Amino acid sequence: MLQKLSLVIPLFNEADSLPELYDRVRQSADACVAAGHLADWELWLIDDGSTDDSRAIAQRFVDADHHVGLIVFRKNRGKAAALQAGFTHVNGDVVITMDADLQDDPCEIPRFLEKLEEGYDVVSGWKQKRNDPAEKRIPSRLFNAVTAAGSGVKLHDFNCGFKAYRREVVRSIVLYGELHRYIPVLAARSGFRITEIAVQHHAREYGKSKYGFERYLRGLFDSMTTLFLLKYYDRPMYFFGRFGLISFLTGFVLCFILTIEWF
């Protein structure tokens, strides 16, 4: 049976890239339908508190095309919250996420669908040739190496926003903070099959990056959260019980010594 595709694209001040993004997404999705790879498609745009004309432009797409839906945040809440909002609204059997800055290429959509057809539940994009400055590439490589070593999930690029999921994957996870970087880790913990494909990564033509140094600090804390959840989510006493047992034994020994001294 042919499947329906849901595209979820968070955006924050991307007014310049939105018209071209919409045209290219529509062309790629319509081509998949015409080729018999999809039954239908939908596009969810999540405006994460934009202060430019992004909301008005997105609303024009909604008014003109029944495939497009719009979710609006009154203030900037971050990519994880935007993705979570999109995941709760999707109706498709397959969900693809991508960034709105056109560094991800919508023409790659058929390749993600083909990889899912091989039996995988999550297909993560890998920006093998990344067109970003060194101050973004080097921390990203370190982050990916640490995450792969700590989680056991062997991916080259956890932070790539271009990913494809079966709907049951996005229904099974809850995102907050910076946890959108760790979706493959969270999915692997639930037993889903993960793989990756190399994707084109274009240099940014419109606007500027919305991330600064503080995102690496937030990412560090969230990596600790994710690794903790990965090991102890279903058995928290394995972690807290150790400290409780040590505290109990320390207190017992001290009380015993003080009791002997009192006598």
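**Exercise 1. Asparagine 13**

Work out whether asparagine 13 is buried, partly exposed or exposed in this predicted model, then find where it sits and what its phi looks like.

*Solution.*
- Start with accessibility: asparagine 13 has a relative accessible area of 21%. Buried means under 20%, so asparagine 13 comes out as partly exposed.
- Next, place it: asparagine 13 belongs to the loop between β1 and α1.
- Now check the backbone. Most residues other than glycine have a negative phi. Asparagine 13 goes the other way, with a positive phi near 55°.

**Exercise 2. Leucine 102**

Find the loop that holds leucine 102, read off its phi, and decide whether it is buried or exposed.

*Solution.*
- The loop is the one between β4 and α4 (109-117).
- Phi is positive here too, at about 70°, and leucine 102 is not a glycine.
- For accessibility, the value is 6%, so leucine 102 counts as buried.

**Exercise 3. The sheet**

Write down the strand order of the open sheet, pick out its edge strands, and say how far neighbouring strands are turned.

*Solution.*
- Begin with the whole chain: it has nine helices and seven strands.
- The open sheet has seven strands, in the order β3-β2-β1-β4-β6-β5-β7, and the pairing is mixed.
- Look for strands that pair on one side only: these are the edges, β3 (68-73) and β7 (194-198).
- Ignoring direction, neighbours in this sheet are turned by 20° against each other on average.
- For an antiparallel case, take β4 (residues 94-97) and β6, joined by four bridges. Within this pair, isoleucine 96 has alanine 164 of β6 as its bridge partner.

**Exercise 4. β1, β2 and the helix across them**

In which sense do β1 and β2 pair, and over how many bridges? Then see how covered each strand is.

*Solution.*
- Strands of a sheet can pair either parallel or antiparallel. For β1 and β2 the sense is parallel, over nine bridges.
- Two places to look: leucine 5 has tryptophan 41 of β2 as its bridge partner, and valine 8 stands opposite tryptophan 44 in β2.
- Count the buried residues. β1 has seven of nine, making it mostly covered. In β2 nine of the 11 residues are buried, so the rest of the structure largely encloses this strand.
- Add the helix: α1 (residues 18-34) lies across β1 (3-11), β2 (38-48) and β3, and runs at about 160° to β2.
- Finish with the loop between α1 and β2, home of glycine 36. Glycine 36 is partly exposed, at 34% relative accessible area. Its C-alpha is 7.7 Å from that of leucine 2, though the two are 34 residues apart in sequence.

**Exercise 5. Helix α3 and glutamine 84**

Why can α3 be called largely enclosed by the rest of the structure? Follow up with the contacts of glutamine 84.

*Solution.*
- Nine of the 11 residues of α3 are buried, so the helix is largely enclosed. Among them are Lys79, Leu83, Gln84 and Phe87.
- Glutamine 84 is in this helix, and its relative accessible area of 17% makes it buried.
- Set aside neighbours within four places in sequence. Glutamine 84 then contacts Ile173, Val174 and Leu175.
- For the wider view, take contacts in the chain between residues at least 6 apart in sequence: 80% of them join residues at least 24 apart. Buried residues make up 46% of the chain's 263 residues.

**Exercise 6. The largest cavity**

How many cavities of 30 Å³ or more are there, and what lines the largest one?

*Solution.*
- The count is two. The largest holds about 60 Å³ of space.
- Its lining includes Lys79, Leu83, Phe158, Cys160, Tyr165 and Arg181. The elements giving two or more residues to it are α3 (79-89) and β6 (163-166).
- Sort the lining by type: five residues are nonpolar, four polar and three charged.
- Zoom in on arginine 181, in the loop between α6 (167-172) and α7 (183-189). Arginine 181 is buried, with a relative accessible area of 5%.
- Last step: arginine 181 and cysteine 160 are 21 residues apart along the chain, with their C-alpha atoms 7.8 Å from each other. Both of these residues line the largest cavity.

Technical notes
Residues numbered from 1 in each chain as written. Predicted model: local features only at pLDDT ≥ 70, side-chain atom pairs only at ≥ 80, totals over all residues. Heavy atoms only, no water. 1 Å grid on protein atoms, 1.4 Å probe; cavity = no way out; pocket = protein on both sides within 12 Å on 5 of 7 lines; lining within 4 Å. Points joined across faces, edges and corners; volume = space filled by probe spheres on them. Nonpolar A, V, L, I, M, F, W, Y, C, P; charged D, E, K, R; others polar. Buried < 20%, exposed > 50% of the residue type's maximum accessible area, 1.4 Å probe, protein only. Contact = heavy atoms within 4.5 Å. Pairing = 2+ DSSP bridges. Axes fitted to C-alpha atoms, helices over the stretch in contact; angles between N-to-C directions.
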